[in-house]
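Please look through the structure shown here before reading the points that follow. They are set out in order for a reader new to such models.

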Amino acid sequence: MPDTAQHHDVLIVGGGNAGTSLAARLLCDGAPDVAVIESRQVHRYRPLLSYVGGGEASMSSLSRPADSVVPDGCTTLRDEVVSVDPASRSVLTGSGRRFTCTTLVVCPGLDEDWDATPGLGEAYDAGWAGSTFDDDTAARVWPALRGLRSGRVVFTVPPEPAPCGATALKPLFMACDHWRRAEVLEDVEVHLVLPGAAPLGLDGPDARIEEALASYDVRVHRGAAVARLDGRSVTLATPAGEEVVEDVAFAHVVPHYRAPRWVVEAGLAGAHPVGLVDVDPQTMRHRRFPDVWSLGDVADLRTRPSGGALRKQVAVLAPNILAARLDRPLEHYDGYTVMPITTARHRLMLVEVDRDGRPRPTVPFIDLSRPRAVTWWVDRYALPQVYWRRILRGRV
Ligand SMILES: Cc1cc2nc3c(=O)[nH]c(=O)nc-3n(C[C@H](O)[C@H](O)[C@H](O)COP(=O)(O)OP(=O)(O)OC[C@H]3O[C@@H](n4cnc5c(N)ncnc54)[C@H](O)[C@@H]3O)c2cc1C
C-alpha cells in the first residue's frame, strides 16, 4: 500500500440507511474519527418508494441531498469503492484514492441482478414494465396502474435476499383497492408471482394476506419466478412447467438481487449463493477478518433485510466495535426484521419477527399484524420523520 493512503479509525463503505445511521451512532458514542465513503449525491428514504407506486408520495418527498444527511463530525468521501483488501483493511476508489483504517464496516447494500431475469431491462426501457424497487421507473408505476380500466397486470415478490422484498405487495394491494373503488376490478386480471408457497412463510400474517388476495381475486403463482419477458409476454417458471401470461398491460416485476461484485472479489463473501458478506449473524463481525464488520442488506445475517432491522443492528454493532477493541464480550442481534404490507389503499399490517420467525412486536399490547388505518398512517407519515430526524442522527 503506498504511503499516500489516507487513514481513518473507522471507515464505512456505503452511506445509505445502514452506513449513515451507524456513523451517527458511533459519533454519538464518542468515536473520534469516522469516515463514510458514499458514491451517490442523493440520499433516498426507500420505504416511501412503495407509496410512490401507489400514488401516495412523490420522488422528491423521499430524496434529499446526500451532503445534508452527513452526521456532525463525520468525514464524507464522495467516491465509489472499486476494491477492498480486507487483510490490510485498505480500500481503493474509482478516482484512484486509497484509504486505510483500523476498523472497516462494509454496507453497500445489494445490486440488481439484471441477468437473472432475461428481458427485464428491455421491458423497463420499453415502458411496459417497471418497479417501485427501481429509482428510475418507480414514478412510472402509479400512472400506468391508475388509468387502467381492463387488461392483465403482473406483480412479483422477489426471492430473498431483497431490500424488504415483502413490500413488493404494497403497490399490488393499493392498485387493487383503487380498481375496486373505480368499479373496474372485475375487468383487470391481476397475477402475482410468489417465490415460495405462501407470501411470507409465516402462518398468521399469511392467512391475512391470502384473505386480501382472495378478496381482490388475484391469481397467485406459487413457487414461481419470471423466466423472461419479451414483447408484452411474461413467461413464468412454475413447479408445473412454463406458463406464459400474454398481452400484459403492465408488469411490476422486481429484479433479483446480489452482493456487489467487489465484495466477492475481495474474499468477503462466504458460501451464500449471491455473495453476501460472511459475518457471524449474531455479532456482525466477519468470520475470517476480525477488524471487518458488516450490516444492512449486504450482510449475511440469516434474516430478511429491511430498514427496520437496521435500528436493532446499529444498536448492537456500534458497541461491539468498541467492545472488540477492549476484548470485552460482544452483544447479539436476534435477527429482528419488519415487513410492512398494505392490504388496501390506507390500511397496513406490520409484521415483526426474529430470524426464526418468532413474533417480536415493538408494541406488545396491540396486534399490529392486523391491518389498520393508524399503522398505515404511521408508516406513510410518521416513520419518514423519525428516519430523517432521529435514525440518521444516531438517536434511535
Ligand atoms: C421499494 C423499497 C421499499 C422498501 N420498504 C421498506 C419498508 O417499508 N420498511 C423497511 O424497513 N425497509 C424497507 N425497504 C428496505 C430498506 O430501504 C433497506 O433495507 C435499507 O435501505 C438497507 O440499507 P443499506 O444501507 O444496507 O443499503 P442501501 O440503502 O442500499 O445503501 C447502500 C449505500 O451504499 C452506497 N454504495 C453502494 N456501493 C458503493 C460503492 N461501491 N462505493 C460507495 N458507495 C456505495 C449506495 O450508493 C447506497 O447509498 C425498502 C426498500 C425498497 C427498495
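**Notes on the ligand shell, the domains and helix 6**

1. Around the ligand there are 34 residues, and G14, G16, A18, G109 and G296 come nearest; a residue is near a molecule or strand if its C-beta atom, placed from the backbone, lies within 6 Å of it. This is a predicted model, in which local features need pLDDT of at least 70 and side-chain atom pairs count only at pLDDT 80 or more, while totals for chains, interfaces and linings use all residues. Residues are numbered from 1 along each chain as its sequence is written.

2. At least two residues of the shell around the ligand are supplied by each of helix 1 (17-28), strand 2 (34-38), helix 2 (48-52), helix 8 (307-325) and strand 20 (337-344). Helix 1 gives the largest share, three residues. Helices (H or I, at least four residues) and strands (E, at least two) are DSSP runs, numbered from the N terminus.

3. By class, the shell holds 15 nonpolar, 14 polar and five charged residues. Ala, Val, Leu, Ile, Met, Phe, Trp, Tyr, Cys and Pro count as nonpolar, Asp, Glu, Lys and Arg as charged, and the others, Gly among them, as polar.

4. The protein is divided into domain 1 (6-110 + 259-334) and domain 2 (113-256), with bounds from an automatic or database domain assignment. Their contact takes 17 residues from domain 1 and 16 residues from domain 2; two residues are in contact if their C-beta atoms, placed from the backbone, lie within 7 Å. Taken over C-alpha atoms, the centres of the two domains are 30 Å apart.

5. Why does the shell around the ligand lie between domain 1 and domain 2? Both domains give residues to the shell, so it lies between them.

6. Helix 6 (residues 203-215) has 13 residues and reaches 18 Å from its first C-alpha to its last, close to the 18 Å expected at 1.5 Å a residue; the expected span is 1.5 Å times one less than the number of residues. Just after helix 6, D217 takes a positive phi of about 60°.

7. In helix 6, P205, I209, A212 and L213 are buried. A residue is buried if 20 or more other C-beta atoms lie within 10 Å of its own, exposed if 12 or fewer, and partly exposed in between, with C-beta atoms placed from the backbone. The face turned away from the buried side of helix 6 carries the exposed residues D203, A207, E211 and A214.
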